[in-house]
Every structure is written in structure tokens, then in C-alpha cells.
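User: I would like the labels in this entry justified one by one. Please set each value against its cut-off.

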Amino acid sequence: MSIVTVQLGQCGNQIGHEVFSALCSDILGTHGLCSKNENQSYQDSCKERFFCQEESAVPVARAVLVDMEPKVISQALATAASSGHWRYSSRSHFCQKQGSGNNWANGYCVHGPRHKEAIMDLVQREAERCDRLGGFLTVMSMAGGTGSGLGAFVTQCLRDAFPSSFILNHIIWPYGTGEVIVQNYNSVLTLSHLYHSSDALLVHENDVIHKICAQLMNIKQISFRDVNQVIAHQLGSVFQPAHPAGGGSGYSRNPLGDLMETLVPHPEFRMLGLRNIPQMPESSLPYSTFSWPGLLKHLRQMLIANAQMEEGIDWQVRPPHAGSSIPCTNKPLHFNTSIANLLVLRGKDVHSVDLGSFQDPSLYTSWLNPQEAFNAWKTPRAFNKYEKSATLVSNSQFLLKPLDSIVGKAWNMFASKAYLHQYTKFGIQEEDFLDCFTTLEQVISSYTNL
Amino acid sequence: AVSLPFAVGQCGNQVGCRFWDLALREHAAVNKKGIYDEALSSFFRNVDTRSGDNGPDIYKGKICSLKARALLIDMEEGVVNEILQGPLRDVFDSKQLITDVSGSGNNWAVGHKIYGCQYRENIVEKLRKTAEHCDCLQCFFIIHSMGGGTGSGLGTFVLNLLEEEFPEVHRFVTSVYPSGEDDVITSPYNSVLAMKELNEHADCVLPIENESLFEIVNKIHQMISSGKLGSTVKQNSLVTSSAGSAKTVPEKPFDAMNNIIANLLLNLTSSARFEGSLNMDLNEISMNLVPFPRLHYLVSSLTPLYTLADVNVPSRRLDQMFSDAFSRDHQLIQADPKHSLYLACALLVRGNVQVSDLRRNIERLKPSLHFVSWNQEGWKTGLCSVPPVGHSHSLLALANNTCVKPTFIELKDRFMKLYKKKAHLHHYLQIDGMEQSCFSEAISSLSDLIEEYNELDATKGGPRIDPSRLKIAV
């Protein structure tokens, strides 16, 4: 099944481009560390999922590029084409000239309706190029105006036009100390709207990735490109082909569907966080070896203690006593409760991995039994030159604090009515803001009371 | 997307002239192949002049003849004529000029009421024609001074006109405010009358004071002649210099100061023209820096003022650039943002600077700055890959800060000194359409604005305690 990616705004287009680059270089690499058949199967599956290939031509990404200004898309198209390994279709992009001015209302109320037909036309054509459509992945930031506002509008249109398809929004959360002053407003508006039309929100936080770049990747002068490449690596580690547990020997035919099924049992809980280890500079890879037990131990503690990366993990945090149903007031402090978790394991000896520690009921809420709450996908095929790579996609309290922080700051600004005139002039009124705050306070409350 | 400048009056046109010259220099440095690209199109049309000046626009391919997208308006001919006889003569054509002979006599009312009325049709027609050539008009720039008659009066008339004809296009105004020693006696009247218009019809105003420009010019002079600089200064990197541009005649007294303003405008629009990892459009500037409609006065600073010839820039020097942006002596008005209250701040960085450099410096400088309670992290940032000519990196800081208040208070005081004695009022009141109420309304508008800044300074912007969040029934 194929996934159509919709890249929205500067961030969405910059990241989307890095993702396709990473996927392509992974399948073309010679570091697979597995049998020739396995490798071939992996390549074919990836190509079907993300690329469209005619005969001997260069694979074309299954993507629609949307932006309200032309510079970023031009660059993405040109850079992809110059790689020689893949490209974007020359007719799958839509751009305007004037931008959205970091104004969610402009993106949602003005650009959205105005350009709906043109954009959905491109999406429709891309969808028709798929033998079987597995769903949509949108890539966007929530801080600006296009990715956030137009992105929310397009997501709604996708839902209306493809009611039975899966929609996963990959969202970038901005740095806490500002890239955009009205980012918290734009974020609140985006998240609340997406909650109503999307299936799940997969989140990357700039602050977290930045730390990874600084402390694990040892990059001195970190650029957005560095950040985007780490994000692309992490996304690739989830979406490259893998064998679902218990399935036959084939790669998953329905990655988005599988993801939703395992991770989103309840519509009130849609926020997914991502952790991927190990992360290191490429130059160190040949000198490092890891064991699955070691990796899993770290990943489990990262989950429990809500650690952002594999350094600085608080090993003191322990789950509550197993077996009993714990009222939330008795839960140990700082313990991150999960609804559902998914592990994606790639590389050498993956078949021998013992996953018992992730099936511990004390990690989870009591609604699902651990066999349902936890799932694992595996492939012996190594990913992106990492001999072993483990990714955790988690529906847990990972994002509770950041979400609460964003809502708090937005509310503080809203109480003073600052910047509201910029939104009302495009059609978003105070009542609309209040509705959005209510939606998100509900989400925060739900996750808090796990 | 096009930014369309209007140079109005003597000061406006002198600055405008420097602006076009330095813009050409900047694009020539980047555009080695002579191809007419997206970046060039924001300021210039590409016209096929082989069969004369009225040739068609060429949208792609080689540069034929670049014409500035602009309107030059002056009620005296001197400055505009000079431009048309100088090295920039081919950049403009007569259809972009609106001139008269006798000037406005340093009288806002003459500029606004008389010439406004007289030239309205002409201006609208030329504006429409110019806009037609733009496939996407993003914003207007008005460049003018506040103290005289044409720039101040006719300039603000044009501002009104722009709002009527193109209400959705953002209006940025670069206004040169008169100093206390200004030799035009009635400059306070002209400025306050113009302020009312700026309050009501501009989206963003970048006030400039000649004193600040003068101090910067002197500072550079001193640094160079003191011999303290280890290696040679790159001439074309000086924020005050015309080196490398088309201008070949000896520099006029105001050229250095006007170059600073020209560089301000180039830096302001750089991210809209050139690529970068975090683009910042002009619409984004007004969105993020104007939390309440009338509080739209932005204090600007440009760093560095010059570059030395040695190429390697240790990050210490990069950090110095950020520190300088907040220092009193780099601001383009007499103001000290560090000791006043920030409502919002924007940093537009050009050149080889990455997000980690930006964040490191914000973290470092934050503790010494006071931000309003509802915008504690009020930073808007942009990263443009292309540095200005002669530099490896540069920074433009825009602050919505209560430090503009003293400028306005002094202006009000100078106004009141004249107004109480009714000095020179008759020159204004004898103009058709002018009444005493124009003055009282104007000073009232200015007083209200000052009051809003006072309020902010007093309360730091908000309630002492965080407003309580919405409660959800569990």
C-alpha cells in the first residue's frame, strides 16, 4: 500500500525533502546486513510505499508540495533532482507568492478555501497513481501560518474527500523560546482543529531534536538542516518496511493502518511521541556496537522516565507495583503512563530479542491488556547504516508537559488580548479561540488522569 | 512578492536614491549570471528596451534593462532631476515620477491638502499602473521625513490613498523624525500632524532620528581614523558607504546617513528576496511585532557597522554582533531598549549563521531584557542565507519597545511650545481644509499614544498573577 505525503509550508517542505532523501539513500545503501532476498523485498516495499517508478526512470516521490511562497519548494525540487537518485514530480506542487504571514487565520480562512480545489486536485491525482492507497502523511509545523493554518484546512479536506483513509499528521513543535511570537496561538488553533479531523498526531519537538544534535551528534554549529536530518532519520525508522508481529513473512501492507490500530484505541488520545536510539555521528558508527538488551533497557527507562534522549536518563523512576490497579493519585511522581506502545526494531539478530519488559502491565493504563497495548515490528534489514536501531512510538504522557506549557502561554497572551486583532481580521474570533482552548484543556485533562 | 517603495519629498528621494543604488549593488554581487530571477523581481522589472522605453516586461531569462518598481514624488524638482541625470537615470522612467516646481514651503497642510488634492488622480493612476506590473504585491514602503512639507504632508496623504485603494497590502513607513535643533521651525507641527496619520493608517512605522545616524557616522569615522582596527576595513562593508555602487560623484553630506537607512530597508526585505532556512516575510514582521493596532512603532538597529578584511570570524565576534544590536549606540533613534519594556522583538540574521548561534545568543541576552508579562518569550527570528555586500553575516533587530516614548514626548513638548503661542499657525489655517481641530485632534492622538506606552510601563503589560486556566469537569 502506498502513502501520499503532503508537505505544507517551509518546515513541511524542508523536512519532507529530507525524509525522501533519507528513505532513498537507505534503500540504495549497501549496509543492509541481511540476505539478498530480504534486501530486495525491503527495497520493493519501500518503493511501492513512497515512490512511483516508471521503467528505468528515477523514482518519483509520492508527494504533494504546498506553500504560499515559492522559494522553499523551488529549492526542494531542485535539490531532489540534482541527487540523481529520486525526484519530485514536476506537476505535484502548488505555491503562491505572498505567504501567510505567520497568521493561522490567513492560512485557514483565506488561503484554504481559495486554493482548495487546486490543492485537492493534486492530491487526487497523486492518490490515483497508487495501486492501493494506504493513507496520508502530512508534514507541517504548527508555529507558522501555512503549515499550521492551511495544513489544518487541508487535513479537513482530506478527511472529507477520503473518509475511509488513514490520516497521520506529523507535526513539528517549535522551540520554546520563540521562532514566531504568535506560535502558541497558532499551535493551539492547529492542534484543536487537527484533533477533530486527523487519526493521530505524531510529534517532534525542536528543543528535543536540538539537544540530540548538540549532545549526541556532536554538531557544533547546528543548522535547521541538521535538525531536519535527525527528524528524517527518526521518521524513516518508523515508516521503512517492517514485519508486523505475528504476521506472515511479508512486510506490512498497511503501515498507517497498523500504526493507528496499535496505538490509537480511543479517539480522545491521539498524541504520539517518538524516541529512537542509538543516535550518533555517522563517523562513530563503525566503532560502536550495541546489544538489543542494552538498547531495550534504555528505551524502556526513557519511556518510564520521559527522557528525551539516551543521555541523562533518570534511572530512579520506577513503575508502580505490577498487577494492582493504581488510582492515579498513588502513581509515583514523574512516571510516564502509557496507553499503548509500538517498538520498531531493525538490524542484526532482531529475531532473538526479548520484549517482555515492555509487556509489563505496570507501564500501562488498565483499559487494555498488555498484549494489546504493546506491539512490535521487526526487520533484520539494518536501517540507515545503524547496525541496530530501535524506535519507540508511544501514546503516553510524553507530550503532556509540553502541551500544557503551550496552552498555558497561549492563554496568558489571550487574557491580555494581544495580537487578537490580527486573527479577527481574517475571520477567527475570540469564541473560536475559546473553543480551541476548551478542546485542548480536555485533552490535557484526559492525559493527566491516566 | 513585490515590495513597492514610494519616495516622497526631498529626504525621501535622497534616501530612495541610495536605496536603489545599494539594491543594485547587492543583487549584482549575488546574481553572477545576469539572469532575471525571483529575487530581482521584488524590486525591479526587466524591460525589453531595444525598441525604446515602452518595451514589454520580460519575466525570465537574461537581464535586459532593469527598472525600479517605485514611485518618486516631490513637489520640487531638484532632487528628482539629479537622480535622472545621475548613474541611476536608466532605472527610472518618467511614468514613475510626480513632480512640481514650487515645493511645499515646509508646510504639512500644503503637502497634504493642496498637493494631495491636486495630484490625487495622477498618483492613483501611476500607482495602479505600477501595481499592474507586479504579479503579487505584498507591501508598500513610504520613505519620507516628518519635519518638512512634502514628505510629511503629501507622504501621509499617499499613505491614506494606499489604504483606500489597496486595503489588504501592508503599509510600512520609514520616517525620519526631526531633531530638536532642526532648522525648520515648524517641524514639530508638521511631525505631529503627520503622526496622527501614521497612527491611524500605517501598519508599521520605523522611526529614524538624524542624531542617531549622525552618531553612527561619527563612530565609524573615529574607529577608522584612530588606527585601532587591526586590519583594513572592507570599504564596501561600511553601513554608511556607497563603495562599489554606481554612484561615482563625491559623497554628499547626507549620503553616509542615508546609506544607513537604505541598508535598513535592504536587510528588512532580504529574507523575502533570498532563500534561507527560516524565511521572514514582511507580513510576518507586522503580524508578530504589532500586538495592538496602534502600537506599531518599531525601533531598529543594524550590526555590524563594518567588517574587517580578515575572513575567519570566531563565534565570539558573532556573539558581539548580537550584543551590539541591543546597545544604545546602534539604535536608529535616540533610545535605549535595554532599559525599557519589550512588547516584541524580531531578529533577522543574514549570512552564515545557524539556528544554534541564534538560540545561544537569545539565551545569553534574555536575562538582561525586560519583556511584557504576556510575551515573555516574544522573539521572532529569521535566517537568510545571503549576507549583505562585504559581510559574512549581519543582524537587523526590530523592537516594539516603550523606549520610543521619549521621542514622542519630546515631539509633543516642542509642539506645545509653538502651539501655546499660536506661532506660525496662520500659515496652516489659511489653507483650505485646515482648521484648529486638525491640530487639537493631532496632539490628542499623540497624547493617547504616549498614554498607552505609559500604561504599559506602569503595569509591565498585565495582571500580577497568571490568569487562571479553563477548568474541565473530570
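User: How many disulfides does the structure hold, and what makes a cysteine pair count as one?

Analyst: The model is predicted, and over all chains it holds zero disulfides. A pair counts when the two cysteine sulfur atoms lie within 2.5 Å. Cys24(A) is in no disulfide, and the nearest cysteine sulfur, that of Cys46(A), is 7.6 Å away.

User: Why is Cys130(A) not called bonded to Cys52(A)?

Analyst: The closest cysteine sulfur to that of Cys130(A) is in Cys52(A), at 7.5 Å. The cut-off is 2.5 Å, so the pair is too far apart for a bond.

User: Are these two cysteines, Cys24(A) and Cys130(A), buried or exposed?

Analyst: Buried means under 20% relative accessible area. Cys24(A) has 4%, so Cys24(A) counts as buried. Cys130(A) has 8% and is therefore buried.

User: What makes Lys385(A) partly exposed?

Analyst: The relative accessibility of Lys385(A) is 42%. Partly exposed covers what is neither under 20% nor over 50%, so Lys385(A) gets that label. Lys385(A) sits in the loop between strand E12 (374–379) and strand E13 (388–396) of chain A. Its phi is positive, about 75°, although Lys385(A) is not a glycine.

User: Which label does Tyr419(A) get, and why?

Analyst: Tyr419(A) has a relative accessible area of 0%, so Tyr419(A) is buried. Tyr419(A) is not a glycine, yet has a positive phi of about 70°. The loop that holds Tyr419(A) runs between helix H12 (400–415) and helix H13 (420–424) of chain A.

User: Why is Ile260(B) called buried, and what does Ile260(B) touch?

Analyst: With a relative accessible area of 1%, Ile260(B) is buried, because the label requires a value under 20%. Ile260(B) belongs to helix H8 (residues 255–273) of chain B. Leaving out residues up to four places away in sequence, Ile260(B) touches several residues, among them Leu213(B), Val239(B), Leu302(B) and Leu332(B). Phe19(B) is 241 residues from Ile260(B) in sequence, while their C-alpha atoms are 9.3 Å apart.

User: Where are the cis peptide bonds at Pro278(A) and Pro304(B), and what are their omega values?

Analyst: In chain A, a cis peptide bond joins Ile277(A) and Pro278(A), with omega about -5°. Pro278(A) lies in the loop between strand E10 (271–277) and helix H10 (292–305). In chain B, Thr303(B) and Pro304(B) are joined by a cis peptide bond with omega about -10°. Pro304(B) is in the loop between strand E9 (299–303) and helix H10 (315–325).

User: How do you know that the radius of gyration of chain A agrees with a compact globule?

Analyst: For 450 residues, a compact globule would have a radius of gyration near 22 Å; chain A has 21 Å, so the value agrees. Of those 450 residues, 64% count as buried. Chain A has 14 helices and 13 strands.

User: What does the globule rule give for chain B?

Analyst: With 474 residues, the rule gives a radius near 23 Å; chain B has 22 Å, which means that the two agree. In chain B, 62% of the 474 residues count as buried. Its secondary structure comes to 14 helices and 13 strands. Of the contacts in chain B with a separation of 6 or more, 81% are between residues 24 or more positions apart.

Technical notes. Residues numbered from 1 in each chain as written. Chains lettered and ligands numbered in written order. Predicted model: local features only at pLDDT ≥ 70, side-chain atom pairs only at ≥ 80, totals over all residues. Heavy atoms only, no water. Helix = DSSP H or I, 4+ residues; strand = E, 2+ residues; numbered from the N terminus. Rg over C-alpha atoms; globule rule 2.2 N^0.38 Å. Buried < 20%, exposed > 50% of the residue type's maximum accessible area, 1.4 Å probe, protein only. Contact = heavy atoms within 4.5 Å.
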